[in-house]
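Me: I'm new to this structure and would like to learn how to read it. Could you walk me through it, one feature at a time?

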Amino acid sequence: MIRLFGERLRPVEYGIELLPGVHTVDAAGHTPGHTAVLLRSRGERLLCLGDTFYDPLQLAHPAWRTPWDHDAARSVGSRRRLLAWAADESLLVHAYHLPFPGLGRIERRADAFAWRPLAAGS
């Protein structure tokens, strides 16, 4: 894909608004520059976490990492920070590696978290 789109790609900073309602969020650790996206529309927010976690087990054990995490310490720090934010502010979350459609909310469970999928029609 880089060969195909390379000349049209450019780096972006964390914490900027790319387009109206589309904000970049630091999620580095899984890969260098890994970025989550916060979408805002009509007073609602959706946090798209990308590869911040791979399995609900990483919610119950946020310090667990995968062999694919480039920077273990940073991936754990990003995961804890983003999950805490999502739980504390009851953000709607999209997570790639959960059953389709991967939409739900994060809940705190002591020092860990849990996934609450969005019910159909919610």
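Me: Let's begin with strand pairing. In which sense do strand 2 and strand 3 pair, and over how many bridges?

Reply: Keep in mind that this is a predicted model. Strand 2 and strand 3 pair in the antiparallel sense, over five bridges. To see one of them, find Val25, whose bridge partner in strand 3 is Ala36.

Me: Where do these strands sit in the sheet, and in what order do its strands come?

Reply: Seven strands make up an open sheet, ordered 1-2-3-4-5-6-7, and the pairing is mixed. At the edges you'll find strand 1 (17-19) and strand 7 (112-117); each has a single partner strand, so one side of each is left without a neighbour in the sheet. Direction ignored, neighbouring strands here are turned by 35° against each other on average.

Me: How does strand 1 run against strand 2?

Reply: Those strands run antiparallel and are joined by two bridges. Glu17 has His23 in strand 2 as its bridge partner.

Me: And which sense applies further along, from strand 3 to strand 4 and from strand 4 to strand 5?

Reply: Strand 3 pairs with strand 4 (residues 44-48) in the antiparallel sense, over five bridges. Leu38 stands opposite Leu47 there, and Arg40 has Arg45 as its bridge partner. Strand 4 and strand 5 (residues 92-94), on the other hand, pair in the parallel sense, over three bridges. Leu46 and Leu92 are bridge partners in that pair.

Me: What lies between strand 3 and strand 4?

Reply: The two strands form a hairpin, with two residues between them. Look for Arg42 in the turn, with a positive phi of about 50°.

Me: Why is a positive phi worth a look?

Reply: Because most residues other than glycine have a negative phi. Arg42 goes positive although it is not a glycine. Ala110 does so too, with a phi of about 55°, and lies in the loop between strand 6 and strand 7.

Me: Are those residues, Arg42 and Ala110, buried or exposed?

Reply: Exposed means over 50% relative accessible area. Arg42 has 84%, so it is exposed. Ala110 counts as exposed as well, at 74%.

Me: Now the other end of that scale: why does Thr66 count as buried?

Reply: Buried means under 20% relative accessible area. Thr66 has a relative accessibility of 8%, so it counts as buried. You'll find Thr66 in the loop between helix 2 (57-60) and helix 3. Leaving out residues up to four places away in sequence, Thr66 touches Tyr54 and Gln58.

Me: Which residues have the most contacts inside the largest nonpolar core?

Reply: In soluble globular proteins, nonpolar side chains tend to be buried together. The largest nonpolar core here has 20 residues, and Leu47, Leu49 and Ile106 have the most contacts inside it. Strand 3 (35-41), helix 3 (72-88) and strand 7 supply at least two residues each. Helix 3 gives the largest share, five residues.

Me: What does Leu49 touch, not counting residues up to four places away in sequence?

Reply: Leu49 touches His34, Ala36, Leu82, Leu83, Val93 and His94. You've met Ala36 already, as the bridge partner of Val25.

Me: One last feature: where is the cis peptide bond?

Reply: Most peptide bonds are trans. Here, a cis one joins Phe100 and Pro101, with omega at about 5°. Pro101 is in the loop between strand 5 and strand 6 (103-109).

Key:
Residues numbered from 1 in each chain as written. Predicted model: local features only at pLDDT ≥ 70, side-chain atom pairs only at ≥ 80, totals over all residues. Heavy atoms only, no water. Pairing = 2+ DSSP bridges. Helix = DSSP H or I, 4+ residues; strand = E, 2+ residues; numbered from the N terminus. Axes fitted to C-alpha atoms, helices over the stretch in contact; angles between N-to-C directions. Core = buried A, V, L, I, M, F, W, Y, C linked by side-chain atoms within 4.5 Å. Buried < 20%, exposed > 50% of the residue type's maximum accessible area, 1.4 Å probe, protein only. Contact = heavy atoms within 4.5 Å.
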